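Trainee: I would like to learn how structural labels are earned. Could we go through some, one at a time?

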Amino acid sequence: MIAAAATTPGGTRRRGEPRPWLKPGIFLGGLAPLAQLALRAGQGELGANPIAQIENELGLTALVFLIASLVCTPARRLFGWTWTVPIRRELGLFAFFYAALHFACYMVLDQFFDWGAIVADIAQRPFITVGMAALVLMVPLAITSTTGWVRRLGFRRWSRIHQLVYLAGGLAVLHFVWRVKIDLSQPLTYAGILALLLVIRAVFWFRRPRGAQR
Amino acid sequence: MRDLPPEPPSSEITPESVYLNRREFMKNGALTLGTAAVVGGSLTWLVSKSPPPDTVETPPLAGVLPQTEVPVLSESGAAAVSGAYDTDEALTSERDVVTYNNFYEYGVEKGDPARNAHTLQTRPWTISVEGEVAKPQTIDIDTLLTWFPLEQRIYRMRCVEAWSMVIPWLGFPLGDLIRRLEPTGNAKFIEFTTLLNSEQMPGQRFPILKWPYIEGLRLDEAMHPLTLIAIGVYGNALPNQMGAPLRLVVPWKYGFKGVKSIVKIRFTETQPDNTWAVAAPREYGFYANVNPEVSHPRWSQATERRIGEFQRRSTLPFNGYADQVAGLYSDMDIRKNF
């Protein structure tokens, strides 16, 4: 990427940020689920069980963002798309944001701070146990998402830690599968996508150049 | 040559870099908004459900049964005259009652039945009576509706998913129908079957459950005064999404016992294979008595969300009807027979 300013009809290219609209665009779009939930809540258009509706939609949004963040690297490796790399952190942080909101909805709106019930749920209901585990796993990932932390930990150690996102994704999908009453079509679809992304990653790992820096 | 307006002074010419940056800004702004629209639109499409239907179209009962004296509901929704079996708790809003339904024959989302059940044809409608009964017969629904005076019953309804409602049903006791049908001495159970017709019930094209939907009761449960055949709700005929033209209501059991759109009644010696117990025998049983002490394998049954309320409620044994029905199970382990 030529960093020098080239005066073209399209304008002057600034160095460093080839697509300066991409991350802000994702940021605005990423807030849309929250905004439309708030809008529907205000209009009373969340159905007869609004707390369940909000909780489910926040959770699904978190899962979509998590999967999206896991698509970035395979997309670069398979199609050579470099634009997916700088958005990976933003997608992952949105996943954590919505997962935290999903849990907050459960804690505040659903159970209304009934700590005994919440602790019992986490301990005794397997789908809640794995959901909680997924959220807890995402906390260190969110904290260490900055370039400062990449430098502090060194890229190799940082990458190893962030491979935990696959575990978080698996637990989140399991949380979804175990939660639904009987129709597994939606959770199994996300499970399938996650499995495919894992397979792609495994293939690239096995075909990595031997003896080269990893 | 015509007079041109005077040219602006050259000091007002926009510097080329600013001009190009402004174009860049507008281009970036447009791309940002475009990206936001694509991202936001995709997320909304993937995640959020369409809102429930606006109109609450419940067919008037007068069309169904011209001679009926429909019990009057007061402004607050309470019955003008309260029957012995009525609860005095606040009614769940009619809109919620008719748009929040589990009727997988029309889709698995709560709003699907209200959206999709318009394909159900409730006339002509017959109910076939078979099995251990003196006179097997086929009854036309409009004939059946003349047999018994209609009563209003305001019952709690507790779904196995841990939400509940208070619903003003209109119907007649199942016991009255059973007495009239004269089951033989061999009859220990009564089994109900829902319509099987994938054109009228598109959800039956998917093997989510084994169709047609089957439910049943032990005969003493069926004869209990609380057990109702409901043909209306909120003073009107049942809307399709609630199991028109007739359904079962057993208020001390989980809502999935309330089999809808009944086309067959069969008296049997053996316990019916009710559909949810067939689908997930570890999770749903035949008796399905509301019991806060027996959790669903995957979630607790200790509390429930009363639709319309913010705070969760403690679930009551037998959904609060323990005084009336606990005696039916005095010699049975209701934990094992869930």
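Mentor: What follows is a set of short questions about labels, each settled by a value and a cut-off. Keep in mind that this is a predicted model.

Trainee: Let us begin with N240 of chain B. Why is N240(B) called buried?

Mentor: Look at the relative accessible area. For N240(B) that value is 17%. Buried means under 20%. The value falls below the cut-off, so N240(B) is buried.

Trainee: Where does N240(B) lie?

Mentor: In a loop of chain B, between β8 (236-237) and β9.

Trainee: What makes the approach of the N240(B) side chain to the backbone oxygen of L120(B) a polar contact?

Mentor: The distance there is 3.4 Å. The limit for a pair of N or O atoms is 3.5 Å. So the pair is within reach, and the side chain of N240(B) makes a polar contact with that oxygen.

Trainee: Now D333 of chain B. Why is D333(B) called partly exposed?

Mentor: Its relative accessible area is 41%. Buried needs under 20%, and exposed needs over 50%. The value of D333(B) sits in between, so the label is partly exposed.

Trainee: Where is D333(B) placed along the chain?

Mentor: In the segment after α9 (322-325) of chain B. Compare its position with A187(B), which is 146 residues away along the chain. Their C-alpha atoms are separated by 23 Å.

Trainee: Next, the open sheet in chain B. What is the order of its five strands?

Mentor: The order is β2-β1-β10-β5-β6, and the pairing is mixed.

Trainee: What makes β2 and β6 of chain B edge strands?

Mentor: Each pairs on one side only. Strand β2 spans 137-140, and β6 spans 214-218.

Trainee: How do you know that β1(B) and β2(B) pair?

Mentor: Count the bridges. Strand β1, residues 126-131, shares four bridges with β2(B), in the antiparallel sense. Pairing takes at least two. Four meets that, so the two strands pair. For one bridge, take I127(B): its partner in β2(B) is I139(B).

Trainee: On to the cavities. How many does a search of the whole structure find at 30 Å³ or more?

Mentor: Two. The largest has a volume of about 360 Å³. The second largest holds about 70 Å³.

Trainee: Which residues line the largest cavity nearest its centre?

Mentor: N102(B), F103(B), R247(B), G255(B) and K260(B), out of 26 lining residues. Strand β4 of chain B, residues 163-173, gives the largest share of that lining, with four residues.

Trainee: How does that lining divide by class?

Mentor: It has 17 nonpolar, five polar and four charged residues.

Trainee: And which residues of the second largest cavity's lining are closest to its centre?

Mentor: M157(B), V249(B), V250(B), K253(B) and G255(B), among 15 lining residues. Strands β3 (151-158) and β9 (247-249) of chain B each supply at least two residues of this lining. By class, there are seven nonpolar, three polar and five charged residues.

Trainee: Last, chain A. How many helices and strands does chain A have?

Mentor: It has 10 helices and two strands. From the N terminus, the two β elements precede the helices.

Trainee: What share of chain A counts as buried?

Mentor: Of its 214 residues, 41%. Each of those falls under 20% relative accessible area, because that is what buried means.

Key:
Residues are numbered from 1 along each chain as its sequence is written. Chains are lettered from A and ligands numbered from 1 in the order in which they are written. This is a predicted model: local features need pLDDT of at least 70, side-chain atom pairs count only at pLDDT 80 or more; totals for chains, interfaces and linings use all residues. Side-chain values use heavy atoms; hydrogens and water are left out. On a 1 Å grid over the protein atoms alone, a cavity is a set of points where a 1.4 Å probe fits but cannot get out, and a pocket is an open set with protein on both sides within 12 Å along at least five of seven lines; lining residues have an atom within 4 Å of a point. Grid points are joined across faces, edges and corners, and a volume is the space filled by probe spheres set on the points. Ala, Val, Leu, Ile, Met, Phe, Trp, Tyr, Cys and Pro count as nonpolar, Asp, Glu, Lys and Arg as charged, and the others, Gly among them, as polar. Buried means under 20% relative accessible area, exposed over 50%, partly exposed in between (1.4 Å probe, protein chains only). A polar contact is a pair of N or O atoms within 3.5 Å; within protein, one must be able to donate a hydrogen and the other to accept it, and residues adjacent in sequence count only if both atoms are side-chain atoms.
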